[in-house]
Amino acid sequence: MEYQKTAELNGLCNGKIVTEYLCRNGFSELTENFDTKKVAVQHKNETSRKEAEDESRLPALEAAYTTILQGLGENTDRQGLLKTPLRAAKAMQFLTKGYHETIFDVLNDAIFDEDHEELVIVKDIDMFSLCEHHLVPFFGKVHIGYLPSKKVVGLSKLARIVEIYSRRLQVQERLTKQIAMAISEALQPVGVAVVIEAAHMCMVMRGVQKMNSRTVTSAMLGVFREDPKAREEFLALTKSA
């Protein structure tokens, strides 16, 4: 419905000086701006709450690391170890910060309508995570590809999605699938493909102690699972030179 008179505009807009365009479109721009600010405030409040939770849990983590060091026969009162339990507690909170994050925290408004129907790949994304079996690192590269269905995402957001799920206690198989599923749910693309190649310190520093071993996992969804040609194109383009 359109309103042409200034008096009518002012009345319908609660006395606010706004453009006729805004009134015609049901206050769409005002609403969008309000929603954006509301989401930003909610995100800020959520971040503050999570930071407060981490702070409240620090003493228990610090005490746990003190117990571990003492259980190893160390003197936690010696100079080199005085602040080690606190440092270790803060480091562990950082290495597992993905538990406090969701895909919606990082995507925000970075999904765009775009008439692009060809393969999009971001390869060689650095990844660091902790093996949930021994709490030692595994690290490597992540390759992500998706075939859009009229929507694309900011490229840096793909790396941020990797960060969310890798900053948790993980196994590589689950991490690969979680990344693929998150992208699929957010973008609803024709297909998603994820490959991770990583070195596991639980195989290098302990156990079989094989220095050059690498673990490769993949998750193929949609067209990449159903169409061998699409899968082969992705694997060929992400293959190391």
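A nonpolar core, as I use the term here, is a set of buried Ala, Val, Leu, Ile, Met, Phe, Trp, Tyr and Cys residues joined through side-chain atoms within 4.5 Å. The model on the screen is a predicted one.

With that definition, the largest nonpolar core has 34 residues. Val142, Ile144, Ile161 and Ile179 have the most contacts inside this core. Several elements give two or more residues to the core, and they include the strands β2 (120-131), β3 (137-147) and β6 (191-200), along with the helices α5 (103-107), α6 (155-166) and α8 (201-204). Helix α7 gives the most, with 6 residues. As general background, nonpolar side chains in soluble globular proteins tend to be buried together.

Take one residue from that core. What does isoleucine 161 touch, if residues up to four places away in sequence are not counted? The list is Ile103, Val106 and Leu107, then Ile179, Ala182 and Ile183.

Apart from the largest core lies another, of 9 residues. Met220, Val223, Phe224 and Phe234 are among them.

Now the charged side chains. In general, side chains of opposite charge can pair when their charged atoms come close. The count here comes to 9 salt bridges. I will go through three.

Start with aspartate 113 and lysine 151, whose side chains meet in a salt bridge at 2.7 Å, N to O. Aspartate 113 lies in strand β1 (residues 111-113) and lysine 151 in strand β4 (residues 151-153), so this pair ties together parts that are 38 residues apart in sequence. Aspartate 113 is exposed because its relative accessible area is 61%, over the 50% cut-off. Lysine 151, at 34%, counts as partly exposed.

Next, glutamate 74 and arginine 78. The closest N and O atoms of this salt bridge are 3.0 Å apart. Both residues fall in the partly exposed class, with relative accessible areas of 33% for glutamate 74 and 38% for arginine 78.

The third is glutamate 163 with arginine 167, again a salt bridge, with the closest N and O atoms 3.0 Å apart. Which of these residues is buried, and which partly exposed? Arginine 167 is buried, with a relative accessible area of 12%, because the cut-off for buried is under 20%. Glutamate 163 has 22% and is therefore partly exposed.

This last pair also belongs to something wider: Lys97, Glu101, Glu163 and Arg167 are linked in a network of salt bridges.

That covers the cores and the charged pairs.

Notes. Residues are numbered from 1 along each chain as its sequence is written. This is a predicted model: local features need pLDDT of at least 70, side-chain atom pairs count only at pLDDT 80 or more; totals for chains, interfaces and linings use all residues. Side-chain values use heavy atoms; hydrogens and water are left out. A salt bridge is a side-chain nitrogen of Lys or Arg within 4 Å of a carboxyl oxygen of Asp or Glu. Buried means under 20% relative accessible area, exposed over 50%, partly exposed in between (1.4 Å probe, protein chains only). Helices (H or I, at least four residues) and strands (E, at least two) are DSSP runs, numbered from the N terminus. Contact means heavy atoms within 4.5 Å.
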